[in-house]
Amino acid sequence: DAARGPVIVLSRAHPNLVRELFRMEVPEIDSGSVIVMGIAREAGSRTKIAVSSHEEGVDPIGSLVGQRGVRVQTVINDLAGEKIDIIQYDTDASRFIANALSPAKILQVNLTDMDHKVALAEVADDQFSLAIGKGGQNVRLAAKLTGWKIDVRSPKEVASSEEVAAAAAMTEKESAAEE
């Protein structure tokens with residue numbers, strides 16, 4: 001039985017779903033006073049969304065959060081509790097990378113290789129695991145959002161996004177082997 005007429009295909013995992021949900025909740029996006037600069041997403045788990053505004057007096061993060069968090073909470077509920085980090089976009093790559101690694105507090109970001117877009121983020125010891133995130137998720141999403149390969153270093157520890165990904169893959173293999 002062949003289907004007739006138009007067909008709608010909706011991917012709940014696509015980053016544009018988050019973009020459209022925010023567009024429906026935040027009139028400032030629709031009017032163009034807040035611009036979504038990028039979205040990095042691991043569907044069902046966490047999203048990082050970078051926003052900016054060129055209009056005086058418009059707080060892009062505040063616009064997405066809404067009064068007492070009501071706007072972002074609506075989107076979180078639509079996505080069945082997926083965590084959402086709203087990031088301030090910055091044309092300065094080191095500031096953007098530091099913002100993208102939130103909620104971790106970054107001491108400084110060195111752009112170590114401009115050609116290959118490699119950066120080193122330095123964090124205090126107590127911020128290291130927060131910057132990396134569970135299974136490397138925070139640094140992975142920050143790298144995806146910014147387009148930079150991010151290495152995270154604290155005075156005690158150093159981990160590159162590759163090492164984190166390899167460690168996460170090993171953990172997944174080990175837990176799959178245990179089942």
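In the predicted model, the contacts of S52, leaving aside its neighbours within four places in sequence, are made with S33, V34, I35, M37, P60, Q88 and Y89. S52 belongs to strand 2, which spans residues 46–52, and its relative accessible area is 5%; because this value lies under the 20% limit, S52 is classed as buried.

A contrasting environment is found for G44, which is placed in the loop between strand 1 (35–42) and strand 2. The relative accessibility of G44 is 60%, and the residue therefore counts as exposed, the threshold for that class being over 50%. Although G44 and G81 are separated by 37 residues in sequence, the distance between their C-alpha atoms is 7.7 Å.

Helix 4, comprising residues 70–78, has R71, V72, V75 and I76 as its buried residues. When the helix is viewed down its axis, these buried residues fall within an arc of 135°, and they therefore line one face of helix 4. An α-helix has 3.6 residues a turn, so residues three or four places apart point the same way. The elements that cover the buried residues of helix 4 include three helices, namely helix 1 (15–25), helix 2 (27–31) and helix 3 (60–65), together with strand 3 (83–88). After helix 4 comes A80, for which the phi angle is positive, with a value near 55°.

Conventions
Residues numbered from 1 in each chain as written. Predicted model: local features only at pLDDT ≥ 70, side-chain atom pairs only at ≥ 80, totals over all residues. Heavy atoms only, no water. Buried < 20%, exposed > 50% of the residue type's maximum accessible area, 1.4 Å probe, protein only. Helix = DSSP H or I, 4+ residues; strand = E, 2+ residues; numbered from the N terminus. Arc of directions from axis to C-beta. Contact = heavy atoms within 4.5 Å.
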